[in-house]
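Got your viewer open and a hand on the selection box? Let's take a walk through this one, stop by stop.

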Amino acid sequence: MKAIVKPKPVNGQAWPAGFQIMDKPEPRVEAPNDVIMKVFAGAVCGTDVGIYNGKESLRTMMLKALTDPITIGHEFSGIIVDAGKSARAHLARLAIEKSKTNKEIKKLLRGKSPRSLASDKKFLPLLETKFFSTAEMHVTCGTCHQCRIGEKHVCRNTIIKGVQDDGAWSTYVKVPAENVRLFFQREIPPEIISFMDALGNATHTVLSAPVKGRTVAVLGCGVQGLMAIAVAKHAGAKKIFVSDASHGEDTHEKLVSRRFALAKTYGADFCFDVALEDERLAFFETVKRETDNTGVDAAYEMSGSYKAYNDAARIVRMGGIFSLLGIPSGTLQVDFAKNIIFSGITVHGIIGRRVFQTWDQMEELLKAGMAKQFMKTGFITHQLPLEKYEDAFAAIRRGDAYKVLLKPS
Ligand SMILES: [Zn+2]
Ligand SMILES: [Zn+2]
C-alpha cells in the first residue's frame with residue numbers, strides 16, 4: 001500500500017526536510033486488540049509541517065520512534081475492515097452503546113449482547129457499511145500514575161501514532177481498539193471526522209475553563225485559532241476578541257479579508273492585527289471598554305508566539321485563566337509576581353485531548369451545528385490524493401490553506 005513516510009532520525013546525523021511516498025506492506029491483525037481501518041482521509045496539521053521541516057523538538061520526540069521509516073499522519077477518518085478477538089468484543093460494546101441513539105442501528109442490533117455481536121459473522125461487514133471511525137492517536141500505557149487516575153492525556157509513556165509509530169497517511173492504519181471512536185454514517189461528515197484530533201486540541205483548550213456567558217480572547221487566528229473561536233461560540237461565550245499578527249506574505253489585507261472574515265463568521269466580535277501598533281492599542285482599549293475595565297475571563301494562546309503572552313498579561317482579568325496550546329520556541333522571562341501571582345491567574349498547559357471527555361464534548365458541539373458550519377464555510381480548503389502531498393504543503397506554506405485532507409486512492 002502507498003504510505004507517506006519519513007526515516008527515523010539518528011543521533012548526530014542530519015535529518016533532511018521533506019517526506020517520501022513508498023510502498024509498505026498492509027498492516028494486519030497481530031495482537032488480539034488490533035483494529036485495521038481503511039483510511040478515508042488524513043488531515044495535515046502544524047505538527048506534520050514541523051516533521052516535514054525537521055523541527056528540532058519533533059526530531060527529539062521521533063528519536064524514540066518504534067518503526068523506521070515512520071508512516072506520518074495522526075489526524076484521519078476511516079472504516080473498520082478487520083479486528084482481533086478482544087478488539088471485536090470492545091467494538092461490539094461501543095456499537096451497542098452507540099445504537100441507543102440511532103433507530104436504524106438499534107433495529108439491526110436488537111437482542112444482541114456484546115458477546116453474541118462480537119462473534120457474529122455479520123458484525124465486521126456491519127461496521128464497514130454503517131459506521132465511520134477515527135482513533136485517539138495518543139497511545140497510552142494504562143499503568144502509570146496518570147493513566148490510573150484517569151488522566152491519560154498526560155500519560156508519561158505516551159506514544160503518538162504518526163509521530164513515533166506508524167500513522168494514517170496510507171491506505172490502511174492499525175490502531176488499538178480502546179482508542180477507536182465510532183460514528184454512524186451521516187452522523188458527522190467523514191471530512192470533519194478526519195481532523196477531530198486537531199479540533200480536539202482547540203476544544204480541550206477552550207473548555208479547560210468555564211466559557212458559557214464569559215468573555216474570552218483567542219490569540220492567533222490560524223487553523224487552531226479559528227476552531228477555538230467556533231468552539232467558544234458554540235459553547236456560549238458572551239464576547240470573543242481575536243488577535244493575530246500579519247507578517248511577510250500574510251499581509252494585513254489578506255489577514256483581514258480572509259482569516260478575520262472567517263473568524264467573524266464563526267463568532268468573533270472584534271479582530272485585531274497586532275502587528276500594527278494602533279490596532280494593538282485598540283485591542284487593549286476594546287477589551288477594557290467591552291468588559292467594563294475588567295479584562296477577559298479567559299485567553300487562549302493558539303499562536304505559539306511569546307509576543308502574544310505579553311498581550312495576554314494585559315487583557316486577562318484578575319483571577320482569569322490563560323490556556324496555552326501554541327508551541328513557542330526558546331525561552332521567555334516572566335514577571336511571575338506581577339503577571340501571575342498578584343493577578344491570581346491560572347496558567348494552563350494543554351496537551352492532546354482528555355480521553356474521552358474532550359471527544360464527547362466535541363462530538364456534541366459538532367452535532368449541534370458546528371460540523372455543518374465547517375462544511376459550509378470552506379474550512380477544508382484542499383482535498384488531495386495522497387500522492388500530491390507536496391502540493392498540500394506548498395499551499396500551507398503560501399498561507400492559502402486552512403484544513404487540508406489527503407486521500408488515499
Ligand atoms: Zn495534528
Ligand atoms: Zn500511562
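The tour starts with the metal sites, moves on to the cysteines, and ends with some backbone oddities. Keep in mind throughout that this is a predicted model.

**Stop 1: the zinc ion (ligand 1)**

Select the zinc ion (ligand 1) and bring up the side chains around it. Which residues coordinate it? You should find Cys45 through its SG, His74 through NE2 and Glu75 through OE, at 2.1 to 2.3 Å. Along the chain these donors read C-x28-H-E. Now colour by secondary structure and look at where the ends of that spacing sit: Cys45 is in the loop between strand 3 (34–44) and helix 1 (46–53), while His74 is in the loop between strand 4 (70–71) and strand 5 (75–83). The two are 29 residues apart, so this pair links distant parts of the chain.

Switch on a surface next. Are Cys45 and His74 buried or exposed? Cys45 has a relative accessible area of 13%, which counts as buried because the cut-off is under 20%. His74 is buried as well, at 6%.

**Stop 2: the zinc ion (ligand 2)**

Jump to the zinc ion (ligand 2). Here the protein donors are sulfurs: the SG atoms of Cys141, Cys144, Cys147 and Cys155, lying 2.3 to 2.4 Å from the metal. Try the angle tool on the four donor atoms; the values run from 102 to 119°, and the site is tetrahedral. For reference, the ideal angle for four tetrahedral donors is 109.5 degrees.

In sequence the donors are spaced C-x2-C-x2-C-x7-C. Cys141 sits in the loop between strand 7 (138–139) and helix 7 (145–148), and Cys155 in the loop between helix 7 and strand 8 (159–160), so the pair ties together parts 14 residues apart in sequence. Put the surface back on for these two: Cys141 is partly exposed, with a relative accessible area of 28%, whereas Cys155 is buried at 8%.

**Stop 3: Cys271 and Cys221**

With so much sulfur on screen, how many disulfides are there? The count comes to zero. To check one candidate, select Cys271 and draw a distance to the closest cysteine sulfur, which belongs to Cys221. The gap is 5.9 Å, too far for a bond, because a disulfide needs its sulfur atoms within 2.5 Å. Cys271 itself is buried, with a relative accessible area of 13%.

**Stop 4: two cis peptides**

Show the backbone as sticks and go to Asp68 and Pro69. A cis peptide bond joins them, with omega about -5°. Pro69 belongs to the loop between helix 2 (56–62) and strand 4.

Then select Val355 and Phe356, where there is another cis peptide bond, this one with omega about 0°. Phe356 is in the loop between strand 16 (346–349) and helix 15 (357–376).

**Stop 5: positive phi**

Finish with Arg186 and Asn293. Arg186 has phi near 75°, a positive value in a residue other than glycine. You'll find Arg186 in the loop between strand 10 (180–184) and helix 8 (190–193), and it is exposed, with a relative accessible area of 75%.

Asn293 is not a glycine either, yet its phi is positive at about 65°. Look for Asn293 in the loop between helix 12 (277–290) and strand 14 (296–301); it is exposed too, at 63%.

Key. Residues are numbered from 1 along each chain as its sequence is written. Chains are lettered from A and ligands numbered from 1 in the order in which they are written. This is a predicted model: local features need pLDDT of at least 70, side-chain atom pairs count only at pLDDT 80 or more; totals for chains, interfaces and linings use all residues. Side-chain values use heavy atoms; hydrogens and water are left out. Donors are N, O and S atoms within 2.8 Å of the metal (3.2 Å for Na, K and Ca); water is not among the atoms, so sites may look incomplete. Helices (H or I, at least four residues) and strands (E, at least two) are DSSP runs, numbered from the N terminus. Buried means under 20% relative accessible area, exposed over 50%, partly exposed in between (1.4 Å probe, protein chains only). Four donors count as tetrahedral if all angles lie between 85 and 135 degrees; four count as square planar and six as octahedral if opposite donors are over 155 degrees apart and all others between 65 and 115; anything else is irregular.
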